[in-house]
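Grab a pencil and work through these exercises one at a time. Try each task yourself before you read the solution.

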Amino acid sequence: MSAAAAEVQGGELGDGRAGSSPAAGAQRSGEQRPQEEELRERSAGGRAEDTAAGTRSPKPGHLQPQDSQVYTATQLPFINKKENSDKTHPLVITTLLVIYTTIKGFCCFLLTLDWAFGINPALPVFSLLDEDRLAVLYSCSHVAVIYDHTSNSQHLLQGHCSPISCLCVSEDRRWIVTADKGQESLVIIWDSYTGIPVRTLFESHPEGGVAALALSKDSKYLGTVGAGAVQVEFVSGTGLMRLKVQNASWYMSFFTSICTFSKVVGPISQSTFFSSGVQACSVSLAGNVVLWDVVEGSAADKNREMQATKLITLQNDGISALTLCDSFIVTGDVNGHVKFYDESFKLINWYSEFNLDPISSISFSKEITSSSSLSFVKLFISPTELKGSFFSFYRNFVLSTVSAALVHVNVQGSVAQSLLKEHVESLDAVACHPKHPLVAMGGHSGLLKVWDYEKKTVVFSRVFNTDKQIQCMAYDPQGFYLALGFASGTVQILDACTLQQEQEESFQYSLECITHLTFSHDSSYLATADSGKAVTVFQLCKKGGQHVWEYLGRNRSHYKPIQDLMFGVQLDSTQPRLLSLGMDCKLVEYDLQNSRKDELLILSLDRIEQSAHPTCMAWYPPLTTEHFLLIASDHYKLKMFNVTTKMCRKTLLGPTYGSPLKKMLILLPCKDKDPSSRYMAYITKDKVGVQILPLDGNPYKSSALICHSMGVSSMDCSYDGRYIFTAGGIDKTVFSWEISLLALEAAASLGGQDMIPFYTLLEGGRDGELFRVMEDFFYYCQLRNQGSDSMETRQVSTHIPLTEVPFIVRALGFYPTEQELEDMQNEVKFSCYAETGNYVTDIDLEDFIKLYINHRPAFGVSRKELCKAFLELGVPDESGQPAVSREELLEFLQNRGNFISYQLVYTYTHI
């Protein structure tokens, strides 16, 4: 039985009262109160409730009523984001919920969630319909969405860092409650009229989070059930009470008693209590109803036991949804039919003409008191019984199906109106049109939709066969073609306007999943990469006066998965160049000009990493005289390679937000911005962020926030650089993020200028011991270079020779490989070569600090990593423990990996 069906009575939560915490850990300051008072009066029409400025939380065990700190509104004020007005929204920054205010169109945060495409079909949908607008509540990854179909707008309830696991609304639709199952699980109570969180419950279920929750009919109690082995019913009124309940006893008796029936009951789909709170019923996918009642003699006990008392066969088809409305029992079945029963389970009315998939939830609008709103639907139950009787019902309702469809039913005319039809399976692919405000998204359900992200409307849509699982997609730079890559290895090239296939047959040159798609700058080539570690190229040819796509060639150029694939332009011509990046640390460039049918040639193959694994790459914008290729690795480093020589020219500390970069895109310059100001968007495992260019390792020039807590699948940017779109994959969601570059620039300025940001990366900062040691070593290197035994006058300088860099970094505890030392020295040596033609042979202290910070491990070398290295080298001894002798270690150091001379080995290991 679903615990969300349980009704709990008592306490104080409704009637406009709420707890004293208006947000997750965010407290209002005294300077905010005058502005909030003005907002309250403006939103509530001058009828704002008085609030206590210094309200304190009650002591444990004392349940005292408190005044709400959130004004009481009469309806949900959906705000047009294009209007230049004051507005209040909640926003998640990494793991905290912060209530912020945007005034006169200026947003103080880098990324603002603009729209949520998708729905979680596993959770119920609730109707928030009133006399003025058609609104529904549903879950979308870790965000709850209030969607107003009348005005085509969304109000996004952000506060969770993990996917929402359950949600419910109060009987009067005033309160919304959401919960999740994350490590830091939250239960948040929202005011549905304002979209503001009025209470946040932290760690109500530390083990496993919240599995189900329900509000009592009078909204005075909230009950939650944990997902851990020991479920906890957390009851919240104006105070907090916890009741630990072992889930085994009650639920085992629940299912054991079902087995006492002689007939097959079938899997239980949903359950609910009757209005008395003593009896309950459950429906099954076999079309049966199980009635429950309190065990005789336990009604007076605090721990009531319930047993199955009766089994009723309602229909042959499975029942997938159950709810109560007024005096009716309402069911939805796997055929998409909705049926109304009285309390004796006598069929009163049904809707069978909607042609829907199996129904997963049913939600009715709140009661409308106006008598003019009542509608009477005539129903003939049978030719002989109740002929001419009337079924009086005046609540419209919303249905959700297992196929992620939302339907609004108007009972007056029995009219079904489709509200949403979203992706029901993994949504992995997203691509933005290069010249228009259009975004395409497709998933494993075969549904392809193209949205106008400014008007928030669907422009085109197409459904492919169920075996056509869309994995990736890309527009060509001219916006004429849309290429789709499928999990089956098929590639289709569609007309971007009609979504119809350009050629009759699809391309099927691989049986592996297509993971990457990219067009050349002139739309003459299309390249794909698949999970079989192969790259395939197609060419646009002219035949018979028409342009057709033909297969050029295929090459299995990597022995580990391909991480990225992209086209570029030759520096000395306009010919395209193609590069692929693999987890095997190989950067491969292909010879497109000399390749011929069925033969894709390789022009060059370079190893770009030793121990790190590359993750993605991008063409660095022309901010300098030299042209670079930017490559990210799982060591949180960004490396800049010369596009011609493939020499590593610079290594920089990348964003460190819990996981390495997964994809990065250079944002196009804005028309109203300085052309020299460039930015880079990126995604990690679960975050999206923006980086200010040029790169220098300054951590304050980057910012990121959680976008998809279950993982990001792909990302793309709008043609004007104003929006970032992220696809969540298994959460079946695409989020649209509006970028505020002014907020990022302000955050970077607050981090300090010149060397201040880099001093903060040193242990102890500018006044710490590490900095003093670096100064001592730096000046000692000057003495050593001049000769420690020299009696001549010392020439004090602010620079040291580059040849001293290996010694000083090793003295500081950083032991780079010989290749890494060469990269460090080349970085300084060629830093001015493109501009002046001269080499740099020395380095000052400030540049050395930047060099040291950017090259050293982002999080140091842990003891665990050292033990793992010796475990790899060791051989089990007599006791079974890995061991390595001194002689074997010396042999490894001289013959494996980077070459180390015998003299160095003897020096480092001499005892």
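Helices (H or I, at least four residues) and strands (E, at least two) are DSSP runs, numbered from the N terminus. The model is predicted, so local features need pLDDT of at least 70 and side-chain atom pairs count only at pLDDT 80 or more, while totals for chains, interfaces and linings use all residues. Residues are numbered from 1 along each chain as its sequence is written, and side-chain values use heavy atoms, with hydrogens and water left out.

**Exercise 1: two unusual phi angles**

Task: Find where D754 and D598 sit, and work out whether D598 is buried or exposed.

Solution:
- Step 1. Start with D754, which lies in the loop between helix 3 (741-750) and helix 4 (756-759).
- Step 2. Check its backbone: D754 isn't a glycine, yet its phi is positive, about 55 degrees.
- Step 3. Recall the general rule: most residues other than glycine have a negative phi, and most peptide bonds are trans.
- Step 4. Look at the surface. Buried means under 20% relative accessible area, exposed over 50%, and partly exposed in between (1.4 Å probe, protein chains only). D754 counts as exposed because its relative accessibility is 69%.
- Step 5. Now go to D598, in the loop between strand 44 (586-596) and strand 45 (599-607). Here too a non-glycine residue has a positive phi, about 65 degrees for D598. With 52% relative accessibility, D598 is exposed.

**Exercise 2: a cis peptide bond**

Task: Which peptide bond is cis at P694, and where is P694 found?

Solution:
- Step 1. Look at the bond from L693 to P694: omega is near 5 degrees, and the bond is cis.
- Step 2. Place the proline. P694 belongs to the loop between strand 52 (687-693) and strand 53 (702-706).

**Exercise 3: a buried serine**

Task: Where is S185, and which residues does S185 contact beyond its sequence neighbours?

Solution:
- Step 1. Locate S185: look in the loop between strand 9 (175-180) and strand 10 (186-191).
- Step 2. Check its exposure. S185 counts as buried because its relative accessible area is 2%.
- Step 3. List the contacts (heavy atoms within 4.5 Å). Skipping neighbours within four places in sequence, S185 touches D180, L201, F202, E203, H205 and G209.

**Exercise 4: cysteines**

Task: How many disulfides does a search of the whole structure find?

Solution:
- Step 1. Know what you're hunting for: a disulfide is a pair of cysteine sulfur atoms within 2.5 Å.
- Step 2. Read off the result, which is 0 disulfides in the whole structure.
- Step 3. Look at two cysteines anyway. C616 is buried at 1% relative accessibility, and C707 is buried at 0%.

**Exercise 5: salt bridges**

Task: How many salt bridges are there by the rule, and which residue partners R722?

Solution:
- Step 1. Set the rule: a salt bridge is a side-chain nitrogen of Lys or Arg within 4 Å of a carboxyl oxygen of Asp or Glu. The count comes to 18.
- Step 2. Take R722, whose partner is E454, with the closest N and O atoms 3.8 Å apart. This pair ties together distant parts of the chain, 268 residues apart: R722 is in the loop between strand 54 (714-717) and strand 55 (723-727), and E454 is in the loop between strand 32 (447-452) and strand 33 (457-463).
- Step 3. Check both ends. R722 is partly exposed at 33%, and E454 is partly exposed at 30%.
- Step 4. Try another pair: E599 and R596 form a salt bridge with closest N and O atoms 2.8 Å apart. E599 is partly exposed at 30%, whereas R596 is exposed at 51%.
- Step 5. Finish with a network, where salt bridges link R577, E589, D606 and K646.

**Exercise 6: strands side by side**

Task: In what order do the strands of the 4-strand open sheet come, and why do strand 4 and strand 7 count as edges?

Solution:
- Step 1. Remember that strands of a sheet pair through backbone hydrogen bonds, either parallel or antiparallel. Two strands pair if DSSP finds at least two bridges between them.
- Step 2. Read the order, 4-5-6-7, with antiparallel pairing.
- Step 3. Find the edges. Strand 4 (126-127) and strand 7 (153-158) each have a single partner strand, so one side of each has no neighbour in the sheet.
- Step 4. Zoom in on one pair: strand 6 (residues 143-148) and strand 7 are antiparallel, with 6 bridges. Across that pair, D148 stands opposite S153 in strand 7.
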